[in-house]
Amino acid sequence: MSRFSEMLTRGAERVRSASGWRRWFMAFAAGLGSATALAPLYLLPMMAVGLTVLVLLIDGAAAKEKPKRSAFVAGWFWGFGYFLAGVYWMALSFFVQADQFAWMAPFAVTGMPAFLALFTGAAAACCAAFPRTGWARILFFTGVFAAVEYARGHILTGLPWNLTGQVFAGGAVGSQTAAWYGAYGLSLVAIFLAAAPAAGLEARENAKPLSGFMVMFGGAALLFAAGALRLALPEPQGDARQLVRIVQPNIPQREKIQWSYWAKNFERQMEHSRGAVPPDARLFIIWPENGAPLLNESPSALEFLSEDLPEKSVLIAGTVRREQSEDGEERWYNSIAVVEQDEGRRRITGHYDKHHLVPIGEYLPFYDVLKRIGVASLTPYQDRGFFSGRGPETLSAGGASFSPMICYEAIFPGASYSKGDRPDWLVVVTNDAWFGDSSGPRQHLDMARLRAVETGLPMARSANTGVSALIDAKGRILARIPLYEAGRIDAPLPPKLPQTLYDRVGDWPFLLFVLIFLILPFQRKLLATA
């Protein structure tokens, strides 16, 4: 055995045998380090270090008095570190209206990671409940961990933020296979590759410490080779006459939510929207989330748009609208308005209401109960927040169809548009100014890129303070505006690709692979001693 192999073996034994606070700190540090594999650092090897350590800690739980409990606690501390580093920025939103909500920040920065860590704790406990050996334990760990991530993306409205597969979303090459099995499938691959080194670090005499590393590097090479091959395939030609103008006004969040600044904010966006286009072109101008509040109630704003926007252009603007229900209740919606030219004047020809709302941020679950203790939604429009729309939609304007998503909606795999009504492109409007110059807006962009890969559709993304981007149907960023810079992107709309496998069948390939990974470890002829 080489000196390096001996070092790996000794290190693995120290991890397995750790106890007490050292064991929990080791799990916490491994989770914390794993988060650095995501945006903005993309230290991919750290995910392998983190998951390998977690597998070894689960191995070590077998020697404890209560193995399942010990594994759960190790998994929980791992998840707490991972989500603390991954979603800490959520707490920054409570300081925008600090006089009302700053007291909630400590609960958010610790409470959300503590809750999400229950999922990784459950996965670790499940692995300890059905201990396997050799490569069987890596397959079972992968299947369980991937299944738990899928559950996290669906339970209680779901939060598939920072799925393991997102480590590959920082570049187009590594994310291409998501077109076959989606973001959850990409996560399954990432989990297996990252945990593979633990296969050779088992406590047995004939262990081969480097075998798992060889599988990890070989599998990663295949993943990137497949991605490079797909990127090299020929693509259809786009229509050069269809142009997009993506506006990033860079409005401070405190001004964004104050009614007295609405007119000033409107003009900031108009500054980046003016400008002639070729006479035979069709221009789509995109404004960020809540770029034109109550636009449907402002004839003067529509008149201003009629005078200043380029001829024959279509404005797709984030807005807020309200309506009266049948029982007289005033309902507010986080929406997108489509504004087109009709006989020389601008009018709203369509709208979309956000259907997947952010709990607490946009609506208040258990409103009647929470209101009694003084908890309100962060939205400035109503204490109870917004009402949800009907669901994903496909709209038509300017001779093309598009499916809109507002902010948080772009993080959900397989929900980009209404099934059976595939559009020509995707539009995402968002406002990440709530979260400052943190990792949050950068992670948000990576998830949007995966939606383009999954669907084979180009995407135009307008973000108030960034990152705004034009993304092609393979997830490549063709143009972007950095965080906290005002500007616009003018470019031809990229072509869409033929419907992807994932777009046709959804998560079924992923679920089939999870089932295989969960069943194979219990087959006697599997290479349990490999």
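Buried here means under 20% relative accessible area. Keep that cut-off in mind as you click around this predicted model.

**Stop one: a glycine in a loop**

Select G391. You'll find it in the loop between helix 14 (367-372) and strand 6 (395-397). With a relative accessible area of 6%, G391 falls under the 20% cut-off, so it counts as buried. Which residues does G391 touch, leaving aside its neighbours within four places in sequence? Show Y352 and H355: those are its contacts. For a longer ruler, draw a distance from the C-alpha of G391 to the C-alpha of L159; it should read 17 Å, for two residues 232 apart along the chain.

**Stop two: salt bridges**

How many salt bridges does a search of the whole structure find? The count is 27, and a few of them are worth a look.

Begin with R16 and E13, whose closest N and O atoms are 3.1 Å apart. Both sit in helix 1 (residues 3-17), and because they are 3 residues apart there, about one helical turn separates them. Now colour by accessibility: R16 is buried, at 10% relative accessible area, whereas E13 is partly exposed, at 38%.

Next, pick R137 and E202, another salt bridge, with 4.0 Å from N to O. This one links distant parts of the chain: R137 belongs to helix 7 (residues 134-152), while E202 is in the loop between helix 9 (178-195) and helix 10 (211-232), 65 residues away. Is each partner buried or exposed? R137 is buried at 6% relative accessible area, and E202 is buried too, at 13%.

Then jump to R422 and D503, where the salt bridge has an N to O distance of 3.2 Å. R422 lies in the loop between strand 7 (400-406) and strand 8 (425-430), and D503 is in helix 16 (residues 501-505), so the pair ties together parts of the chain that are 81 residues apart in sequence. D503 is buried, with a relative accessible area of 7%.

Before leaving the charges, select E235, D472, K474 and R476 together. Salt bridges with shared partners join these four into one network.

**Stop three: helix 12 against helix 13**

Show residues 262-271 (helix 12) and 299-308 (helix 13) as cartoon. They pack at an angle of about 20°, and their axes are 12 Å apart. With that angle under 35 degrees, the two helices are roughly parallel to each other. Helix 12 passes helix 13 in a right-handed crossing. Turn on side chains for F266, E267 and M270 of helix 12, then for A301, F304, L305 and D308 of helix 13: these make the contact. By class, the contact has 5 nonpolar, no polar and 2 charged residues.

**Stop four: helix 2 against helix 4**

Finish with residues 20-34 (helix 2) and 67-87 (helix 4). This pair packs at about 35°, with axes 6 Å apart, and the crossing is right-handed. What is in the contact? From helix 2, the residues include W24, A27, F28 and G31, and from helix 4 they include A74, F77, W78 and G81. Sorted by class, the contact of helix 2 with helix 4 has 14 nonpolar, 4 polar and 1 charged residues. R23 of helix 2 is also part of this contact, so give it a stick representation before you close the session.

Conventions
Residues numbered from 1 in each chain as written. Predicted model: local features only at pLDDT ≥ 70, side-chain atom pairs only at ≥ 80, totals over all residues. Heavy atoms only, no water. Salt bridge = Lys/Arg side-chain N within 4 Å of Asp/Glu carboxyl O. Helix = DSSP H or I, 4+ residues; strand = E, 2+ residues; numbered from the N terminus. Buried < 20%, exposed > 50% of the residue type's maximum accessible area, 1.4 Å probe, protein only. Axes fitted to C-alpha atoms, helices over the stretch in contact; angles between N-to-C directions. Parallel < 35°, antiparallel > 145°, perpendicular 65-115°, else oblique. Left-handed = near helix turned anticlockwise from the far one by under 90°. Contact = heavy atoms within 4.5 Å. Nonpolar A, V, L, I, M, F, W, Y, C, P; charged D, E, K, R; others polar.
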